[in-house]
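Colleague: Thanks for sitting down with me over this one. Could you take me through it and tell me what each label rests on?

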Amino acid sequence: AHSFPIYTQEEVTKHRTLADGVWVTYKGGVYDITDFVAMHPGGNKIMLAAGGALEPFWALYAVHGQDHVLEILSEYKVGEL
Ligand code: HEM
């Protein structure tokens with residue numbers, strides 16, 4: 001089992017540009033998606049969630065409610081809130 005560092009929301013919020021790194025949260029996990037941004041099938045919209053929670057955006061774009069999307073996200077986990 002892999003144990004992840006704990007981050008505050010304030011620390012996550014500091015990461016909302018490609019230069020500073022792009023972090024998001026989802027269900028208590030923290031993800032550094034910097035390297036995924038350019039690969040995102042939905043293009044630059046992904047930056048709307050930078051530094052914050054994915055849930056409100058994924059509620060609008062239901063295409064994300066699939067196992068293969070969560071598998072991609074899981075590869076980028078760096079910590080927990
Ligand atoms: C599509 C991943 C964040 C908007 C997709 C698809 C994947 C993906 C894999 C293709 C799904 C499929 O067709 O089966 C991710 C991941 C995200 C993320 C891993 C976060 C780490 C976001 C955010 C938004 C967004 C925050 C909007 C603010 C879209 C849209 C599409 C899409 C509009 C549809 C693109 C199209 O088919 O034309 N995303 N996404 N995504 N995503 Fe995201």
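Modeller: Happy to. This is a predicted model, and a good place to begin is its contacts: of those between residues at least 6 apart in sequence, 61% join residues at least 24 apart.

Colleague: What makes the chain as compact as a globular protein of that length?

Modeller: The elements run α-β-β-β-α-α-β from the N terminus. The radius of gyration is 12 Å, and the globule rule, 2.2 Å times the number of residues to the power 0.38, gives 12 Å for 81 residues, so the chain is as compact as a globular protein of that length. Along the principal axes, its C-alpha trace spans about 30 × 30 × 20 Å.

Colleague: Why does proline 41 count as exposed?

Modeller: A residue is exposed if 12 or fewer other C-beta atoms lie within 10 Å of its own. Proline 41 has 8 such neighbours, so proline 41 counts as exposed. Proline 41 is found in the loop between strand S3 (29–32) and helix H2 (55–60), and Pro41 is among the residues that come nearest to the ligand, along with Gly42, Lys45, Ala49 and Phe57.

Colleague: What are the residues of the shell around the ligand like, by class?

Modeller: They divide into 14 nonpolar, four polar and one charged. Helix H3 (residues 67–74) gives the largest share of that shell, three residues.

Colleague: Which residues make up the largest nonpolar core?

Modeller: Val12, Val22, Trp23, Val24, Val30, Tyr31, Ile33, Ala49, Ala50 and Leu54, ten residues in total. To belong to a core, a residue must be buried and joined to others through C-beta atoms within 7 Å. Strand S2 (21–26) and S3 each give two or more residues to this core, and S2 gives the most, with three. Alanine 50 is in contact with Arg16, Val22 and Val24, leaving aside neighbours within four places in sequence.

Colleague: How do you know that S2 and S3 pair?

Modeller: Pairing needs at least two bridges between two strands. S2 and S3 have four, in the antiparallel sense, and tryptophan 23 stands opposite aspartate 32 in S3.

Colleague: And why do strand S1 and strand S4 stand at the edges?

Modeller: The four strands form an open sheet in the order S1-S2-S3-S4, with antiparallel pairing. Strand S1 (16–17) and strand S4 (77–80) each have a single partner strand, so one side of each is left without a neighbour in the sheet.

Notes:
Residues numbered from 1 in each chain as written. Predicted model: local features only at pLDDT ≥ 70, side-chain atom pairs only at ≥ 80, totals over all residues. Near = placed C-beta within 6 Å. Nonpolar A, V, L, I, M, F, W, Y, C, P; charged D, E, K, R; others polar. Buried ≥ 20, exposed ≤ 12 C-beta atoms within 10 Å, placed from the backbone. Contact = placed C-beta atoms within 7 Å.
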